Amino acid sequence: MTDTKNTGEKRKRNASEAHAGAAEVLRLKVGEKGKMYDDGLVRQQTEIEDQVIAKASAAERIVDALPEDSKSMPEVELWLPEVLSDSVFVGHLVTDLDSVAGAIGAASLYGGIPALASEVNSETQFALKKWGIEKPRRIEDILSEKPDSEMCLVDHQQTSQMNPCIKADQIVGVIDHHALQSKTIVTNKPIYIDIRPWGSMSTIIAHTFITHNRRPEKGIAGMLLCAILSDTLNLQGPTTTDWDRLMVAVLAEIAKVHNIQLLAQEQFKAKSKELATLSSHALVNGDQKSFSFDASGFKGDIGFAVVETTDSDIILAKTSRLIPEMAACKKEKKLSFLFLAIVNIVKLKSSLLICGPGEKSLAQAAFGGEISNGNLMDLGNRVSRKKEFIPVLTRVINDGWRRPENLARGLSSTKLEEFGHLEVDPSDPYGSIERVGSSLENTCKPIAENCDDDDDDDDDDDVGLTIVA
């Protein structure tokens, strides 16, 4: 890292320092794409690890060039809008992590006050606590003390998402990443506008810090990092750009994140406390890992997703959408099989969603639980993917399990595009990512209702649903 005393020398990193969120956990032991556990099982790099590792070198060069103390910098020639100085930065109603982190980051960058438009959710509470950042005050309280405060809207620009206590003539700026639509604000004077088609508003703030040669404080970098991961669904969402990937790597370096996958996993668990706000796509992909097998009877990759909850019924009520989402995800990631375990952390019991005949055969061989409705297996008191799910699957596969012949094809012949495409709901303040436009809607039933288990045949794309004629 560049020495702040301008010695011209670079300080050598030691092994415990963060490397764009990678550090020792991503110094992989097997090839370039897998990590070997003590029992010999190989876990593939997750998508977020792939993305961050790809940007690690660029991120380190950027961070090395930033001063440790921004106050030691000579005057920056790049323009920062003076109109935002002393402004109140506030996000949208039904506030999410991006709008809160963005307000905090923008207030630090431009010299203002962050505010909340509404109470924070469980994911935002997690990030604030993890990074030691004080929760901003409510906008109503700030305006009660300073009713003429100037406002900069972050993460929104529609009147329908504004806190009603904000008046249009108070708005002096907008920093956002959403489309301009029919309810976009109208002002009677020019204002500062920074709208970029990126995956997160916090990416914009992070990028502005960097382009002005400013280093955000560790806690603020951590908040911005978590916000980008949230809005881009761990860099897997359809709105993710290269700028999001690069800023995640840079912020992970500044925040000294040693395990980006663990951070994403912890954050997802915090978010899942409010399961009603999560789409089926988020649930299937939020905490999913894939494992590679090369045994005598089976060679391929198996995905295993986990949702931890205090109320399993909330997740199980989404089964009709989760099953086709699992099928689509399996095709997209070219997985041989994909499972989703719903873990009740109160009752310490789990259920396994099964999206195809191949999964059903393997799950029965591994766990032997009862299957109801054709796609739900009772896993009893097993609750750990690391200790109780994957080791059992591994043992069964290594003992010679192979796909039974003549399994039903299910939706394996269905083209990926028929599952629909991923889209951000513009009316949802959380920016929910959902699969829309499926030609299979209202045509699917559980495999138990339409599939004769004795008359099956199999391939890599088994899907546990059949088309109703």
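Helices and strands are taken here as DSSP runs, with helices of at least four residues and strands of at least two, numbered from the N terminus. In these terms, Asn213 of the predicted model is found in the loop between α5 and α6. The phi angle of Asn213 is near 55 degrees, a positive value in a residue other than glycine, and with a relative accessible area of 27% the residue is partly exposed. A further positive phi, of about 60 degrees, occurs at Lys256, which is likewise not a glycine. Lys256 lies in the loop between α7 (242-254) and α8, and its relative accessibility of 45% places it in the partly exposed class.

For the chain as a whole, the secondary structure comes to 14 helices and 18 strands. Of the 469 residues in the chain, 55% are buried. Among contacts with a separation of 6 or more, 67% are accounted for by residues 24 or more positions apart.

An open sheet of six strands, paired in parallel, follows the order β5-β4-β3-β6-β7-β8. The edges are occupied by β5 (137-138) and β8 (192-195), each of which has a single partner strand, so that one side of each is left without a neighbour in the sheet. Within this sheet, strand β6 (residues 151-154) pairs with strand β7 (residues 171-176) in the parallel sense over four bridges, and Met151 stands opposite Ile171 in β7. Two helices lie across these strands. Helix α2 lies across β3 (88-90), β4 (113-116), β6, β7 and β8, and runs at about 165 degrees to β4, whereas helix α5 (residues 201-211) lies across β6, β7 and β8 and runs at about 100 degrees to β7.

The packing of α2 also involves a neighbouring helix in contact with it. Two packed helices are described by the angle between their axes and the distance between the axes. For helix α2 (residues 97-110) and helix α3 (residues 122-131), the angle is about 35 degrees and the axes are 9 Å apart. On the α2 side the contact is formed by Leu97, Val100 and Ile104, which meet Glu123, Thr124, Ala127 and Leu128 in α3. The residues of this contact of α2 with α3 divide into five nonpolar, one polar and one charged. Seven of the 10 residues of α3 are buried, so this helix is largely enclosed by the rest of the structure. The buried residues of α3 are Ser122, Glu123, Thr124, Phe126, Ala127, Leu128 and Trp131, and they pack against α2, α6 (218-231) and α8 (260-271).

The largest nonpolar core has 59 residues, and those with the most contacts inside it are Phe89, Ile175, Met223, Leu225 and Ile260. When residues up to four places away in sequence are not counted, Met223 touches Leu97, Ala101, Ile104, Ala127, Leu128, Trp131 and Ile133. A second, separate core comprises 27 residues, including Ala341, Phe367, Met377 and Trp401.

A further set of paired strands is centred in this description on β10. Strands of a sheet pair through backbone hydrogen bonds, either parallel or antiparallel. Strand β9 (residues 288-294) pairs with β10 in the antiparallel sense over seven bridges, and a hairpin of four residues joins β9 to β10. In this pairing Phe291 stands opposite Ile302 in β10. By contrast in direction, β10 and strand β11 (residues 337-344) run parallel and are joined by eight bridges, with Phe339 of β11 as the bridge partner of Phe304. Eight of the 11 residues of strand β10 (residues 299-309) are buried, so β10 is largely enclosed by the rest of the structure.

The cysteines were examined last. A disulfide is a covalent bond between the sulfur atoms of two cysteines. With a pair of cysteine sulfur atoms within 2.5 Å as the criterion, the count comes to zero disulfides. For Cys329, the closest cysteine sulfur is that of Cys355, at 8.9 Å, which is too far for a bond. Cys329 counts as buried, at 0% relative accessibility, and Cys152 is also buried, at 0% relative accessibility.

Key
Residues are numbered from 1 along each chain as its sequence is written. This is a predicted model: local features need pLDDT of at least 70, side-chain atom pairs count only at pLDDT 80 or more; totals for chains, interfaces and linings use all residues. Side-chain values use heavy atoms; hydrogens and water are left out. Buried means under 20% relative accessible area, exposed over 50%, partly exposed in between (1.4 Å probe, protein chains only). A nonpolar core is a set of buried Ala, Val, Leu, Ile, Met, Phe, Trp, Tyr and Cys residues joined through side-chain atoms within 4.5 Å. Contact means heavy atoms within 4.5 Å. Two strands pair if DSSP finds at least two bridges between them. Axes are lines fitted to C-alpha atoms, for helices over the stretch in contact, and angles run from 0 to 180 degrees between N-to-C directions. Ala, Val, Leu, Ile, Met, Phe, Trp, Tyr, Cys and Pro count as nonpolar, Asp, Glu, Lys and Arg as charged, and the others, Gly among them, as polar.
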